[in-house]
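Trainee: I would like to go through this model with you and ask, term by term, how each label is earned. Could we set the values against the cut-offs as we go?

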Amino acid sequence: MIFASGHAQIISKTGQSRPAVRGSDVAAGETVDTADGRLQLRFSDGASMSLQPDTRFRIDDFRFVEQNGNASSDDRSFFTLLKGGFRTVTGLIGKLRREQYKIDTAVATIGIRGTDYSAHYDASGLSVRTFGGLVEVCSEGGCAEAAPGETLLVADRKSKPQRQGQDAGGLKGAGHAGVSAAHTWGTAAGIADSTRPRAERNDSNVRSSFAAPSKIP
């Protein structure tokens, strides 16, 4: 963790919480709750992530072992966005092992191809905006890709992702709270930092195939 503000907390698997402070490690299975604050995370594969206020983000499984600047077939980055928003620049796993990177939400799963993107999830659905690279969003209704400058919206689990401005069963891009957040985020430089503390690693076996999202408790 390279930056923390406000009353942000880290919640363990057992529900115990501790203050989120700069330099903290976050282990697999733990949830970060920003509350009224903001957080910036740096992972050991070089990925960086900035979390907005009122965001809950869980690290389901993360493993990275440095191999001469490459990611191996055993490395993985699996996360869950429970609510709120973030912007991220992916690291070696997202760039070289994209099938081993995914972020789940209650309505859709986000997969990438080495990219810079933001996402926001709330009661009105999920919005994902791409700034660089390519993002794929899959729900039970189907999959769609977003190139740089494009935004995808998912109203619910059964809705196919729609590009902003398309009719998504009554959901219009201009009125979606997450789109507003994505448009006003700022630059990628805002989540860069020269300090790179080690992210907690976990070597448990997980399924690495990309699929429609499972239900989130």
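Mentor: Gladly, and please keep in mind throughout that this is a predicted model. As an overview, the protein has two helices and 16 strands, and 51% of its 217 residues count as buried.

Trainee: What makes the pair Cys138 and Cys143 a disulfide?

Mentor: A disulfide is assigned when two cysteine sulfur atoms lie within 2.5 Å. The sulfur atoms of Cys138 and Cys143 are 2.0 Å apart, so the pair meets that criterion. The structure holds one disulfide, and with 115° about the S-S bond the link of Cys138 and Cys143 is right-handed.

Trainee: Why is Cys138 called buried, and why is Cys143 called partly exposed?

Mentor: Buried means under 20% relative accessible area, while partly exposed covers the range between that value and the 50% above which a residue is exposed. Cys138 has a relative accessible area of 4% and is therefore buried, whereas Cys143, with 37%, falls in the intermediate range and is therefore partly exposed.

Trainee: Ala28 lies in a loop, between strand 3 (17-19) and strand 4 (31-33); is Ala28 buried or exposed, and how do you know?

Mentor: The relative accessible area of Ala28 is 11%, which is under 20%, so Ala28 counts as buried. Ala28 is also 9.2 Å from Phe79, C-alpha to C-alpha, although 51 residues separate the two in sequence.

Trainee: Why is strand 12 described as largely enclosed by the rest of the structure?

Mentor: Strand 12 spans residues 125-132, and seven of its eight residues are buried, so the strand is largely enclosed by the rest of the structure.

Trainee: How do you know that strand 12 pairs with strand 11, and which other strand does it join through four bridges?

Mentor: Two strands are said to pair if at least two bridges are found between them. Strand 11 (residues 116-122) and strand 12 have seven bridges in the antiparallel sense, so they satisfy that condition. Strand 15 (residues 151-154) is joined to strand 12 by four bridges, also running antiparallel, and this pairing therefore passes the same test.

Trainee: Which residue of strand 12 is the bridge partner of Ser118, and what stands opposite that residue in strand 15?

Mentor: The partner of Ser118 is Arg129, and Arg129 stands opposite Thr151 in strand 15. Strand 11 and strand 12, for their part, form a hairpin with two residues between them.

How values were computed:
Residues are numbered from 1 along each chain as its sequence is written. This is a predicted model: local features need pLDDT of at least 70, side-chain atom pairs count only at pLDDT 80 or more; totals for chains, interfaces and linings use all residues. Side-chain values use heavy atoms; hydrogens and water are left out. Buried means under 20% relative accessible area, exposed over 50%, partly exposed in between (1.4 Å probe, protein chains only).
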